[in-house]
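Hi,

Here is the structure I promised to pass on. Have a look at it first, and then read my notes below.

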Amino acid sequence: SNVVKCVEPCFLFANNRKLCCPSFTDRSWMCRSPPKPPPPPVSEVSNVVKCVVCVAASCLHCGVFLGAVRCLVAPEDSWWFFSNTTFSSPQPASEDKILSIEKAVLLAYAWDFCCLAAGVVPFSRARNAGDVVSHHAPIFAFLAVGLPYTLRWHRLEPAVSVVAAMPTTTRIFERVNGWGFVSSLNEAVMCLQKAECCLKEALDRRGNKTTLRRLPTSPPTLDGYVFTSGPVQFLELVFKFLVFTVFPVLSVLACVEYDLVAWNFFQQQQRKETVLRGLLTAVAMLKSPVYLRTLAWRAYCLFHYPSMAKRTFTKLKRHLSRGPSSTPGFDSPVVATTKKNKKLA
């Protein structure tokens, strides 16, 4: 007999395989996929709380960005690399900049982990909590390794002696941290994008509207909003690309500058002119935790940032392919989910 769709189909499952079974209403054979369970409802209050949490995370990351700018901009000497002031003796820079920015980083990243523990991913472009953990966990390790230098523990950190002999060396570490943490501006913008998305979902539920799916790792382009608008997303992606390409290079150059200063200092500490003088100098440098931190930071930039830059460039091309803001669909709050979009995501 002909197969007729039944109002109440019957399903049989054996060894995780779906089987067809006869319908008892019209005596025909039926085979349908079982209906998917509806997603758990999200209350309007929950979305508002997520919005507030993301705004708080954005404020903390803005504090980190301001600390990074403070490290980069110093009136007492030139902030560019390999300057003559590095080996001269101008007025020493204030030593509280490094401590203040690392406190700000610790507070902001700890808040991000609290958000993850509460089930909220505060960044709009993070696919899941694993993306945030993989980025933040190494930073916590860097902060822990550099703690003897930050707290000026002379017995554990030989670099403190380098700074005491050459006060301008502090400016080098400020540049390393400044170029490394200037990316917090991008993190602050992503938190505000997530806040706007949560706010829109709350308003949609209040107006009994349906919030459709969007591309993963890409916030929707929303009308009437600021940080999820097309131009702001373009600027954010450009800045993100600089974060993964230009800024790490500048930070690594500052690390190389410290290598030269530390090598000269520890080499002068070797009083005897022996064949092993260079080896002893290298061993003395490797005893410094903050020097090991600079090596780990260079490895982190080398193995982690190229892939991130490639992903960002792909997102930037996809964003530009949508056309100017006047193009229909560019400012729509929803991006259709297709097979091609899934591959791009």
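In this predicted model, helix α8 and helix α10 (residues 289–321) have axes that come within 9 Å of each other and cross at roughly 155°. Anything over 145° counts as roughly antiparallel, so α8 is roughly antiparallel to α10. The crossing in which α8 passes α10 is left-handed. As for what sits in the contact of α8 with α10, there are 21 nonpolar residues, with 7 polar and 4 charged ones besides.

While you are on α10, look for Arg293, which is found in that helix. Is Arg293 buried or exposed? Its relative accessible area is 11%, and the cut-off for buried is under 20%, so Arg293 counts as buried. If you leave out residues up to four places away in sequence, Arg293 touches Glu102, Phe142, Leu143, Val145, Gly146 and Asn177. Two of those names, Glu102 and Leu143, come back further down, in the contact between α2 and α3.

Now back to α8, which spans residues 230–269. Helix α9 (residues 277–286) also packs against α8: their axes come within 9 Å and cross at roughly 120°. That angle makes α8 oblique to α9, and here the crossing is right-handed. On the α8 side, the residues that meet α9 are Asp259, Ala262, Trp263, Phe266, Gln267 and Gln268. Their partners in α9 are Arg277, Gly278, Thr281, Ala282, Ala284 and Met285. Sorted by class, the contact of α8 with α9 holds 6 nonpolar, 4 polar and 2 charged residues.

Trp263 is a good one to click on in that contact. It lies in α8 and, again without residues up to four places away in sequence, Trp263 touches Gly278, Thr281, Ala282 and Met285. How far apart in space are Trp263 and Met285, C-alpha to C-alpha? The distance is 7.4 Å, with their positions 22 residues apart in sequence. Even with those contacts, Trp263 is partly exposed, because its relative accessible area is 31% and buried would need a value under 20%.

Next, the pair α2 and α3. Helix α2 covers residues 96–117 and helix α3 covers residues 129–145; they pack at an angle of about 150°, and their axes are 11 Å apart. This makes α2 roughly antiparallel to α3, and α2 passes α3 in a left-handed crossing. From α2, the contact takes in Glu102, Val105, Leu106, Tyr109, Ala110, Asp112, Phe113 and Leu116. From α3 it takes in Ala129, Val132, Val133, His135, His136, Ala137, Ile139, Phe140 and Leu143. The split by class is 13 nonpolar, 2 polar and 2 charged residues.

A few single residues are worth a look too.

- Leu147 is found in helix α4 and counts as partly exposed, at 36% relative accessibility. Its C-alpha is 9.3 Å from that of Leu99, and the two are 48 residues apart in sequence.
- Arg152 lies in the loop between α4 (147–150) and α5 (159–165). Most residues other than glycine have a negative phi. For Arg152, phi is positive, near 60°. Its relative accessible area is 19%, so Arg152 is buried, the cut-off being under 20%.
- Leu203 lies in helix α7 (residues 184–206) and is partly exposed, with a relative accessible area of 45%. Leu203 and Val48 are 155 residues apart along the chain, and their C-alpha atoms are separated by 9.4 Å.

Last, the overall numbers. The chain has 11 helices and 4 strands. It has 345 residues, of which 42% count as buried. Its accessible surface comes to about 19200 Å², and carbon and sulfur atoms account for 66% of that. How much of the contact in the chain with a separation of 6 or more comes from residues 24 or more positions apart? The share is 74%.

Over to you, and happy browsing!

Terms used: Residues numbered from 1 in each chain as written. Predicted model: local features only at pLDDT ≥ 70, side-chain atom pairs only at ≥ 80, totals over all residues. Heavy atoms only, no water. Helix = DSSP H or I, 4+ residues; strand = E, 2+ residues; numbered from the N terminus. Buried < 20%, exposed > 50% of the residue type's maximum accessible area, 1.4 Å probe, protein only. Contact = heavy atoms within 4.5 Å. Areas by Shrake-Rupley, 256 points an atom, 1.4 Å probe, with all protein chains shown as cover. Axes fitted to C-alpha atoms, helices over the stretch in contact; angles between N-to-C directions. Parallel < 35°, antiparallel > 145°, perpendicular 65-115°, else oblique. Left-handed = near helix turned anticlockwise from the far one by under 90°. Nonpolar A, V, L, I, M, F, W, Y, C, P; charged D, E, K, R; others polar.
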